[in-house]
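Q: Could you take me on a close look at one helix in this chain and then work outwards to what sits around it? I'd like one connected walk-through.

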Amino acid sequence: MDPDGTHARWMREGLAEAESAAAHGDVPIGAVLVRDGEVLARDHNRREVDQDPTAHAELLVLRAGARHLGSWRLERCTLYVTLEPCAMCAGALVLARLPRVVFAADDPKAGAVGALYDIPRDPRLNHRVEVVRGVLAAEASSQLTAFFAARRHR
């Protein structure tokens, strides 16, 4: 799945971004957009801090990557994200013509990359996204569990 450790390397960067989200009260989800070994964009959930329901890590990174490239087509890019994307974000992956998404933890309640739906690989759509799941899943799950446990104990 990750013989040379590349996916784990970039996912660790996503986990670091997720910590930034937790620091300002957002669900700790981080994302990194990589092309040809270079980080084009990195961010984390900002829904609470921006008061924006669409400020998911994935969308923020896709937008920044498109600006960086000067194109909405994110060809040759890979998105690394610490939690399985939701329907909104999974749809954006298809619309951005992203070749590959790598995610850590499954999201059985809202995941749209295999859990509830499989939008990126739906043959009815005009583009399909390669999916790699489970990279550093235990670390991402622990991060999320700790965040929600702390919120419950306030």
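A: Here is a tour that starts with the whole chain, settles on helix H3, and then visits some individual residues.

Keep in mind that this is a predicted model. The chain holds five helices and five strands, and going along the sequence they come in the pattern α-β-β-α-α-β-α-β-β-α. With a radius of gyration of 14 Å against the 15 Å that the globule rule gives for 154 residues, the chain is as compact as a globular protein of that length. Its C-alpha trace spans about 45 × 30 × 30 Å along the principal axes. Of the 154 residues, 48% are buried. If you take the contacts with a separation of 6 or more, 58% of them join residues 24 or more positions apart. On the outside, the accessible surface is about 7700 Å², and carbon and sulfur atoms own 51% of that. As for charge, there are 20 positive and 21 negative side chains, with the centres of the two sets 3 Å apart.

Now to H3 itself, which covers residues 57-69. Does its length add up or fall short? At 1.5 Å a residue, its 13 residues should span 18 Å, and the end C-alpha atoms are indeed 18 Å apart, so the two values agree.

Which residues of H3 are buried? The list is Ala57, Glu58, Leu59, Leu60, Val61, Leu62, Gly65 and Ala66. It's worth noticing that Glu58, a residue counted as negative, is on that buried list too. As background for reading such a list, an α-helix has 3.6 residues a turn, so residues three or four places apart point the same way.

What provides the cover? The buried residues of H3 are covered by elements that include strand E1 (30-35), strand E2 (38-44), strand E3 (77-83) and helix H4 (87-95).

H4 gives us a way to look at one of those neighbours residue by residue. Met88 is found in H4, and with a relative accessibility of 34% it counts as partly exposed. Leaving out residues up to four places away in sequence, Met88 touches Pro53, Thr54, His56 and Leu59. Leu59 is one of the buried residues of H3, so here you can see a contact from the covering helix, since contact means heavy atoms within 4.5 Å. Met88 isn't close to everything, of course: its C-alpha atom is separated by 23 Å from that of Val39, 49 residues away along the chain.

Next, the two ends of H3. On the side before it, Gln51 lies in the loop between helix H2 (47-50) and H3. Gln51 has a phi near 50°, a positive value in a residue other than glycine, and at a relative accessible area of 61% it is exposed. On the far side, H3 is followed by Gly70, where phi is again positive, near 70°. Ser71 then sits in the loop between H3 and E3. Its relative accessible area is 26%, so Ser71 is partly exposed. The C-alpha atoms of Ser71 and Ala96 are 9.2 Å apart, although 25 residues separate them along the chain.

Two of the covering strands, E1 and E2, have a loop between them, and Asp36 is found there. Asp36 is another residue other than glycine with a positive phi, near 50°. It is exposed, at a relative accessible area of 59%.

To finish, step away from H3 to the later strands. Arg128 lies in the loop between strand E4 (100-105) and strand E5 (130-133), and at 42% relative accessibility it is partly exposed. Neighbours within four places aside, Arg128 is in contact with Leu98, Pro120, Arg121, Asp122 and Pro123. By contrast, Arg128 and Ala146 are 18 residues apart in sequence yet 34 Å apart in space, C-alpha to C-alpha. Over in E5 you'll find Arg133, partly exposed at 31% relative accessibility. The C-alpha atoms of Arg133 and Ala105 are separated by 7.5 Å, with their positions 28 residues apart along the chain.

Notes
Residues numbered from 1 in each chain as written. Predicted model: local features only at pLDDT ≥ 70, side-chain atom pairs only at ≥ 80, totals over all residues. Heavy atoms only, no water. Helix = DSSP H or I, 4+ residues; strand = E, 2+ residues; numbered from the N terminus. Rg over C-alpha atoms; globule rule 2.2 N^0.38 Å. Buried < 20%, exposed > 50% of the residue type's maximum accessible area, 1.4 Å probe, protein only. Areas by Shrake-Rupley, 256 points an atom, 1.4 Å probe, with all protein chains shown as cover. Charge placed at Lys NZ, Arg CZ, Asp CG, Glu CD. Expected span 1.5 Å × (residues − 1).
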